Amino acid sequence: MNIRLANRMTRVQPSAIRELLRHGADPRIISFGGGYPDSSLFPLEQLEAVYHASIAGDGREALQYTVSNGPLKLREQIASRMRKDGVECGADNVLVLQGGQQGLDLVAKMLIDKDDVIVTENPTFLGALIAFNPCEPRYAVVKMDDDGMDMDDLERTLKENPAAKLLYTVPDFQNPTGVTLSRERRKRLVELANRFDFVILEDTPYRELRYQGETIPTIKSFDTEGRVIYLGSFSKILTPGMRLGWAVGSEDLIQRLGLLKLAADTQCSTLNMAAASLFLDKYDIDAHIATIRRTYRRKKELMLDTIRRTFPQDVAFTEPSGGMFTWLTFPENFDTTRFMADHALPEARVAYVPGATFFPLEQQVNHARLSYSTHTDEAIVQGITALGRLLTSRRGA
Ligand code: PMP
């Protein structure tokens, strides 16, 4: 049978990298490829209590349909957390989402027609490209350094693409590089958005996982014209399986996104939203986040120290002050995809995500993303040491 698919399906393809990462499921392989949070940090007892309390007694409400944008109480709780983070907003500026990922899908649907230009960091979050691609956009990319997107390069890109409609950024501890956009650049980014008339999608699920240094204000907090849509998530601070995130934006944009959400899935799970709301009411989520931070900070330092001790000098790595990832840069002709298939997996039994997949346009082959979030301290040392030894021995060969 030859089914006549929609044109957009040419942009919806499985990635070769996924195949390679399937080896990560082999228990003999230490995979630094995944982006999962550490499940030992899920607050199980507290979650059991709030799920139970949500349906105990006359819990019919938590099992009924509810409003599409999310219950008022939860939107108020989210708005209150956002205000503490310096974002002026109320419940009507909040849309509860099926994870931050849904925000990527809905914002693209709201703004992007075929061949419209989306500007992204280079490299950028693969899941965003996967969400945007069905809208058949063109991409324009911006160079990055240790302070995130290079604003001069962005201005040049915008002059080349004056009709660009949307800029996508992960400003805090970016996935995949781990770098953070500086305060000055955030201000300049908003000025450029006003001047060139585009929307900024600020996607920041790792924002609360800062391990050192001072918090930098959100891009949204510099927004003067209602052009920034902020995406947050409970995935990294509570659990990803609840599939809860949120968007904050102008009432107008939030209403429009709410209509698209209605079309997509009616609403998030009433039960999960009830449980999250009760959790925020009954427990101190900031104390819980502080525990997560301590654990990831230790793992990050262990990974970076082990890299320093065991990797050849010509491999550079980022030193993130939060989040879950470091980004490796090898000499230019070093192909990390081939190296993983031919050597890292069979010889060191270690996996990572080859970097090529994170580049929307010209794929650079000499990078890799490592995540330190899920493994034990022992596995981090063992896996990174094995990779370091392999790299060193191959250099010597
Ligand atoms: N944005 C970025 C940068 C991410 O890394 C992720 C998760 N890996 C998401 C969005 C989506 O997360 P969720 O849908 O679980 O909130």
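The following legends describe close-up views of a predicted model. Local features are given at pLDDT of at least 70 and side-chain atom pairs only at pLDDT 80 or more, while totals for chains, interfaces and linings use all residues. Residues are numbered from 1 along each chain as its sequence is written, and side-chain values use heavy atoms, with hydrogens and water left out.

**View 1. The shell around the ligand is made up of 13 residues.** A residue belongs to this shell if one of its heavy atoms lies within 4 Å of the ligand. The closest are Gly100, Asp203, Tyr206, Ser233 and Ser235. By residue class, the shell holds four nonpolar, six polar and three charged members. In this classification Ala, Val, Leu, Ile, Met, Phe, Trp, Tyr, Cys and Pro are nonpolar, Asp, Glu, Lys and Arg are charged, and the others, Gly among them, are polar. Helix 4, residues 99-111, makes the greatest contribution to the shell, with three residues. Helices (H or I, at least four residues) and strands (E, at least two) are DSSP runs, numbered from the N terminus.

**View 2. Oxygen atoms of the ligand lie beside polar atoms of Ser233, Gly100 and Arg243.** The polar contacts shown are pairs of N or O atoms within 3.5 Å; within protein, one atom must be able to donate a hydrogen and the other to accept it, and residues adjacent in sequence count only if both atoms are side-chain atoms. A polar side-chain atom of Ser233 is 2.6 Å from a ligand oxygen. For Gly100, the partner is a polar backbone atom, at 2.7 Å from an oxygen of the ligand. An N or O atom in the side chain of Arg243 is 2.9 Å from a ligand oxygen. The protein covers 90% of the 400 Å² of accessible area that the ligand has on its own. Accessible areas come from the Shrake-Rupley method with a 1.4 Å probe; for residues, only the protein chains shown count as cover.

**View 3. The ligand takes up the space of the largest pocket.** A pocket is found on a 1 Å grid over the protein atoms alone, as an open set of points with protein on both sides within 12 Å along at least five of seven lines. A molecule sits in a pocket if more than half of its atoms lie within 2 Å of its grid points.

**View 4. Two peptide bonds that precede proline are cis, at Pro123 and at Pro176.** The bond from Asn122 to Pro123 has omega near 10 degrees. Pro123 is placed in the loop between strand 3 (117-121) and helix 5 (126-132). For the bond that joins Asn175 and Pro176, omega is about 20 degrees. Pro176 is in the loop between strand 7 and helix 7. Ser182 also lies in the loop between strand 7 (166-169) and helix 7 (183-196). Ser182 is buried (under 20% relative accessible area, 1.4 Å probe, protein chains only), with a value of 11%.

**View 5. Asp115 and Thr266 have positive phi values, although neither residue is glycine.** Phi of Asp115 is near 75 degrees, and Asp115 lies in the loop between helix 4 and strand 3. Asp115 is partly exposed, at 38% relative accessible area; this class runs between the buried limit of under 20% and the exposed limit of over 50%. Phi of Thr266 is near 70 degrees. Thr266 is found in the loop between helix 8 (251-265) and helix 9 (270-282), and at 36% relative accessibility Thr266 is likewise partly exposed.

**View 6. Side chains of Asn272 and Thr336 make polar contacts with backbone oxygens.** Asn272 lies in helix 9 and is buried, with a relative accessible area of 16%. A polar atom of the Asn272 side chain is 3.3 Å from the backbone oxygen of Met242. Thr336 belongs to helix 11 and is buried, at 0% relative accessible area. The backbone oxygen of Val365 is 3.0 Å from a polar side-chain atom of Thr336.

**View 7. Asn333 and Asp197 are exposed residues.** Asn333 has a relative accessible area of 70% and lies in the loop between strand 12 (325-329) and helix 11 (336-348). Asp197 has a relative accessibility of 54% and is placed in the loop between helix 7 and strand 8 (199-203).

Key. On a 1 Å grid over the protein atoms alone, a cavity is a set of points where a 1.4 Å probe fits but cannot get out, and a pocket is an open set with protein on both sides within 12 Å along at least five of seven lines; lining residues have an atom within 4 Å of a point.
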